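Trainee: I would like a close look at a single part of this model. Please take the sheet, then work outward from there.

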Amino acid sequence: FRETQLPATALDQASQQFHFPPQPAGLCGISQGGAIVLQAAAADPQRWKAVAELSSFAELDAVIANQAHRWFGPLQSPARIIVSRLVQWRAGYEPANIRPIDAIAKLTTTPVLIGHGDADRFVTPDHAKRLFDATPSASKQFLTISAANHHNVLITAQPVYAKLGKYFWNALAP
């Protein structure tokens with residue numbers, strides 16, 4: 001929600017300090033970072049030439065609901081309300097308003113890679129499928145990371161780093 005301008009700021013500062021051209025540039029993020037890069041790319045699609053996200057969510061409220069159900073079963077509704085109120089009080093935003101699925105729908109021409117572990121119980125794989133389905137870009141890819149949960153999508157036997165590298169190499173090529 002607040003971090004969507006950070007990638008552009010970081011790129012601008014690094015480009016100036018280390019004297020490299022800021023374009024072409026792509027974004028990659030995992031989990032909440034994935035949600036941030038989707039929202040950042042949607043805010044400035046001309047700047048970001050490619051986006052890859054792993055293990056992100058389509059809607060933050062749905063993750064809270066899933067975790068409330070897992071942890072509290074029949075008491076999930078009060079737990080969900082309490083967590084939402086705590087987030088609103090501490091962070092200053094309503095979790096129901098954090099919806100990367102709305103952001104990704106604005107990426108009409110940006111190449112997008114959506115990846116997710118098929119054993120993820122924290123952010124279930126249906127989030128990735130919903131994000132992929134909502135992506136209007138004709139240049140989109142889906143990567144299922146076999147036997148990966150939410151915390152190990154980059155450290156499995158599957159060559160995820162190589163796939164990300166190839167994706168960005170092709171997407172950002174002049």
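Mentor: What follows covers the sheet, a helix across it, a helix pair and two single residues.

This is a predicted model, so some limits apply: local features need pLDDT of at least 70, side-chain atom pairs count only at pLDDT 80 or more, and totals for chains, interfaces and linings use all residues. Residues are numbered from 1 along each chain as its sequence is written, and side-chain values use heavy atoms, with hydrogens and water left out.

Start with the sheet. It is open, has four strands in the order β1-β2-β3-β4, and the pairing is parallel. Helices (H or I, at least four residues) and strands (E, at least two) are DSSP runs, numbered from the N terminus. Two strands pair if DSSP finds at least two bridges between them. The edges belong to β1 (25–30) and β4 (140–145); each has a single partner strand, so one side of each lacks a neighbour in the sheet. From one strand to the next, the twist averages 10°. Angles run from 0 to 180 degrees between N-to-C directions, and axes are lines fitted to C-alpha atoms, for helices over the stretch in contact.

Now the pairing of β1. Its parallel partner is β2 (residues 48–54), over six bridges. Gly 29 stands opposite Glu 53 in β2.

Next, the helix on the sheet. α6 (residues 126–134) lies across β2, β3 (112–117) and β4. Its direction is at about 170° to β4.

Beyond β4 comes a loop that leads to α7 (160–171), and Asn 152 is found there. Asn 152 has a relative accessible area of 19%, so this residue is buried (under 20%; exposed is over 50%, partly exposed in between; 1.4 Å probe, protein chains only). Its side chain reaches the backbone nitrogen of Asn 149 at 2.6 Å.

Turn to the helix pair. The axes of α3 (residues 60–72) and α4 (residues 76–91) come within 9 Å and cross at roughly 135°. The two helices are therefore oblique (not under 35 degrees, over 145, or 65 to 115). Contact (heavy atoms within 4.5 Å) involves residues of both helices, among them Ile 64 and Phe 72 of α3 and Val 83 of α4.

Finish in the segment before α1 (6–18), where Glu 3 sits. Glu 3 is partly exposed, at 29% relative accessibility. Glu 3 touches Gln 32 and Ile 36, leaving aside residues up to four places away in sequence. Its C-alpha atom is 9.0 Å from that of Gln 39, 36 residues apart along the chain.

Definitions and conventions: Polar contact = N/O pair within 3.5 Å; in protein donor to acceptor, adjacent residues only side chain to side chain.
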